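Take a look at the model below. Keep it in view as you read.

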Amino acid sequence: ICVLSVWICALLTVGPQTEKLKVRLAGYPRKHNEGRIELFYKGEWGTICDDDFSLANANVLCRQLGFVSATGWTHSAKYGKGQGKIWLDNVQCGGGEKSIELCKSRGWGNSDCTHDEDAGVVCKDERIPGFVDSNVIDAHVDENKIEEVRLRPVVAMAKKKMPITEGVVEVKYKDGWAQICDIGWTIKNTRVVCGMLGFPHERKVNKNFYKLYLERQKNYFHIHSVACLGTEVHLAACPLEFSKPNATSACTGGMPAVVSCMPGPLFMQNSGLKKKLKISVNNVRLKGGSRVGEGRVEVLKDNEWGTVCDDRWNLQSASVVCRELGFGSAKEALTGGRLGQGMGPIYMNEVKCVGQERSIWNCPFKNITMEDCQHMEDAAVRCNIPYMGLENTIRIVGGRSSYEGRVEVQVGSKWGTVCSTGWTTKEAMVVCRQLGLGYSMHAITETWYWDSSNVTEMVMSGVKCTGSEMSLSQCQHHKTVSCQKAAAKFAAGVICSETASDLVLNASLVQQTVYIEDRPLHMLYCAAEEDCLSKSAAKANWPYGHRRLLRFSSQIHNIGRADFKPKAGRHSWVWHACHGHYHSMDIFTHYDLLNANGTKVAEGHKASFCLEDTDCQEGVSKRYECANFGDQGITVGCWDLYRHDIDCQWIDITDVKPGNYILQVVINPNYEVAESDFTNNAMKCNCKYDGHRIWLHNCHIGDAFSEEAERRFEKYPGQLNNRIS
């Protein structure tokens with residue numbers, strides 16, 4: 001019948017579903033960008049047979065999974081045999097199709113294969129910009145068993161407070177909730193339940209109190225016994241015995257299982273307890289995540305932070321990190337630098353935690369060298385966190401998608417807008433985090449162009465956040481609303497995104513390239529026009545004499561998950577005739593020389609640059625260049641290099657006296673462009689100047705040292721005997 005084009009033929013054989021086809025990678029062992037292909041069709045996951053499989057098929061599938069392309073494919077169930085249906089067979093794609101269902105095949109469910117022939121793909125580890133993560137290495141649990149578990153509070157007081165830390169364990173069953181018989185229930189079971197609900201520790205519960213109350217309740221026992229080891233990340237991964245369908249639902253001699261959990265410091269209501277339990281952990285942290293409890297894993301060794309390589313990285317090791325930081329067990333163990341790449345040393349590889357350890361440092365691991373691993377293999381985690389209901393107290397309305405809109409909050413019993421005076425990226429970041437929508441791409445101060453058919457009145461003003469809060473209500477704000485621009489069109493808004501850029505300066509290159517140059521004034525007319533000299537230069541006897549310049553190279557890397565693009569559109573870029581290119585940002589970096597108490601001793605200056613990809617890591621291609629009014633920005637995995645010998649790549653130190661100082665460079669200082677992490681935007685060096693020569697040492701990114709080492713650094717600027725080993 002198929003005498004029409006291949007495309008129409010494909011429609012005849014398979015036919016697109018009404019809803020978007022779901023695709024996932026599965027199997028074990030694998031990295032996040034490879035695996036057995038599974039398709040969700042007619043309510044059921046199934047595989048693809050490897051007959052006639054090709055790289056063109058793999059390309060279509062990898063793009064559907066959010067990767068830019070495929071590097072290979074596998075046959076004969078390399079990632080293990082799948083289960084259930086074999087959905088497609090003899091698939092033949094051209095390579096340009098938007099979805100595998102548009103390729104020629106034998107049709108849904110029509111195959112002569114066994115699961116020994118399940119096909120797999122290996123995708124290029126580069127994400128399509130803006131594509132939302134969906135593919136995860138998940139817990140190996142039988143999906144037919146248990147998905148939802150909750151604690152039902154019994155005490156009236158406990159019902160009102162968030163998070164709920166104590167109550168009857170209930171599992172979702174049919175259209176309601178069922179209980180678990182507590183005969184043989186152990187503290188290990190409690191540990192697993194607490195972990196999956198976002199709590200790091202369990203505590204004893206007063207069973208007698210509950211017994212009296214629960215005897216009067218009607219209970220349905222869906223599960224008769226649970227035998228967890230305590231290291232599982234989900235109750236469904238524990239050995240479970242289910243009630244027989246026809247048996248009585250009694251739990252003779254027992255009662256419904258009740259547990260009590262101890263929340264981490266971030267989620268505690270009792271501030272006295274908070275102080276007592278102040279996390280003693282200061283040798284593990286998470287970086288670069290958009291939500292609370294997620295990020296790249298970094299560990300502290302010899303006063304310097306470094307990353308963990310992803311070989312053998314799994315949910316057990318990830319859970320140890322999560323619990324150590326005051327969260328529950330791990331929801332996902334992410335590999336391949338999925339939450340951005342680190343910059344410093346890589347300290348651990350092949351971490352093999354059992355799951356009971358108090359710290360990742362107690363787990364067996366291999367010390368590694370840079371040859372074994374690179375930062376594109378940095379391990380990350382997403383932890384279970386307690387349900388706080390924070391997303392119910394805020395909403396965004398009027399936008400063109402669910403990721404943007406005017407911000408509205410719950411004050412008393414009415415919704416209302418927020419004053420946009422002083423509304424910046426920091427406040428917008430908190431809103432996007434609270435709604436679970438990732439990072440803020442833009443803080444909007446005029447929202448007149450969005451749908452305003454049902455705009456509410458203004459109920460909040462003077463909002464000021466540090467940027468790390470979990471909800472807008474935790475930020476400072478006026479007690480009574482006071483807004484100069486109270487009109488609806490000036491209500492605050494946000495545009496959120498799952499991914500963001502992350503810029504960081506190569507600190508060691510600054511240290512290697514620093515020198516002093518006495519530059520004649522007749523060579524500095526252009527620089528003076530661009531405000532790259534100290535004010536005293538205006539009083540100089542031009543063109544005679546010179547300025548003393550502290551010069552160095554700046555190499556700025558984008559280690560995030562989205563390209564760094566200037567906030568301003570090209571129509572508002574400024575042409576700099578002297579240097580012959582457009583500047584897309586007024587202030588991209590601050591260059592300063594400070595004394596021990598933080599006062600500027602050289603005026604430094606605010607450099608504006610043309611942003612482009614000078615070079616990229618292997619496998620990444622350049623996208624931005626300044627020449628010919630080209631697009632400006634820095635691609636993920638690329639860097640922009642401002643060499644020491646270009647104009648304005650300096651600090652004018654003509655008026656500086658000999659002494660010990662701190663050199664400081666800050667990228668994107670006004671938070672004009674969204675980044676996943678602003679704590680690594682500053683770079684500092686100890687600086688010793690004797691009037692003729694200059695020495696830099698201890699150059700480091702603002703968050704690279706331990707707190708103690710950072711204090712020592714600030715205390716003794718320029719002292720060569722104060723090296724941090």
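The text covers a helix, an arginine and some empty space.

This is a predicted model: local features need pLDDT of at least 70, side-chain atom pairs count only at pLDDT 80 or more, and totals for chains, interfaces and linings use all residues. Residues are numbered from 1 along each chain as its sequence is written, and side-chain values use heavy atoms, with hydrogens and water left out.

Start with helix α8, residues 425-434. Helices here are DSSP runs of H or I with at least four residues, strands are E runs of at least two, and both are numbered from the N terminus. Nine of the ten residues of α8 are buried, so the helix is largely enclosed by the rest of the structure. Buried means under 20% relative accessible area, with a 1.4 Å probe and protein chains only. Among these buried residues are E427 and R433. They pack against β21, β22, β24 and β26. After α8 comes G436, with a positive phi near 70°.

Now find R323, in helix α7 (residues 315-324). R323 is buried but has no salt bridge, that is, no side-chain nitrogen of Lys or Arg within 4 Å of a carboxyl oxygen of Asp or Glu. The nearest side chain of opposite charge, E202, is 4.8 Å away. A polar atom of the R323 side chain does lie 3.0 Å from the backbone oxygen of P200. Leaving aside neighbours within four places in sequence, R323 is in contact (heavy atoms within 4.5 Å) with residues including R191, F199 and S329.

Technical notes:
Buried < 20%, exposed > 50% of the residue type's maximum accessible area, 1.4 Å probe, protein only. Lys, Arg positive; Asp, Glu negative; His and termini not counted. Polar contact = N/O pair within 3.5 Å; in protein donor to acceptor, adjacent residues only side chain to side chain.
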